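Okay, everyone, thanks for coming. I'd like to walk you through one structure today, so let me put it on the screen.

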Amino acid sequence: MREYDALRGAWEDLVAVHPPARPLGESVARHEAGPDGCPSARAKEGHLLQPPVQAVARRAVAGDPHFGRAFLTTGPVACFARDHAAAREVALRTAMAGHAPLTLDGRRRDGGGEGYGEWADGRLEHLDPEAVVVDVLCHR
């Protein structure tokens with residue numbers, strides 16, 4: 001949640017010096033509803049030209065610790081349009097991998113089931129301060 005708060009703070013600092021921006025989905029819908037049937041490529045181009053989106057892109061390319069390269073392919077305006085408290089809750093609930101965590105003693109728990117959030121929170125709260133949490137992505 002601290003990381004999310006820092007990211008949100010960096011976003012709010014960035015947008016404070018720019019005019020408000022519209023999320024990509026809203027731009028596409030507006031253009032599709034237009035009488036000329038504006039292609040979504042033009043709507044996307046218009047979205048990308050907005051000053052806050054350009055500023056995020058420049059920071060991502062420059063290696064800003066808050067705005068990684070993932071912001072080059074996602075819609076930052078929509079990302080931060082969510083309610084701050086709700087977004088913090090999502091950050092908390094997704095802090096631990098959701099697919100199939102495996103403990104060092106060999107116990108595994110499928111993510112997303114009933115009681116999973118409480119189980120995951122309990123695992124994180126009771127970790128030794130020297131513990132290392134690793135996220136492994138495996139494909140067969």
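So, aromatic pairs: searching the whole structure turns up one. By pair I mean rings of Phe, Tyr and Trp (its six-membered ring) with centres within 6.5 Å; planes under 30 degrees apart are stacked, over 60 edge-to-face, the rest tilted. Ours is Trp11 with Phe80, and it's stacked, at 4.8 Å centre to centre and 15° between the planes. Trp11 sits in helix α1, while Phe80 is in the loop between α5 (76–79) and α6 (84–93), so the pair ties together parts 69 residues apart in sequence. Helices here are DSSP runs of H or I, at least four residues, numbered from the N terminus.

Quick caveat: this is a predicted model, local features need pLDDT of at least 70, side-chain atom pairs need 80 or more, and totals for chains, interfaces and linings use all residues. Numbering starts from 1 along each chain as its sequence is written, and side-chain values use heavy atoms, with hydrogens and water left out.

Trp11 and Phe80 are both buried, meaning under 20% relative accessible area (exposed is over 50%, partly exposed in between; 1.4 Å probe, protein chains only). Next door in sequence terms, Glu12, also in α1 (residues 2–15), is partly exposed at 41%.

Now the largest nonpolar core: 13 residues, with Trp11, Phe67 and Phe80 among those with the most contacts inside it. A core is buried Ala, Val, Leu, Ile, Met, Phe, Trp, Tyr and Cys joined through side-chain atoms within 4.5 Å. Its largest share, five residues, comes from α1.

Methods: Helix = DSSP H or I, 4+ residues; strand = E, 2+ residues; numbered from the N terminus.
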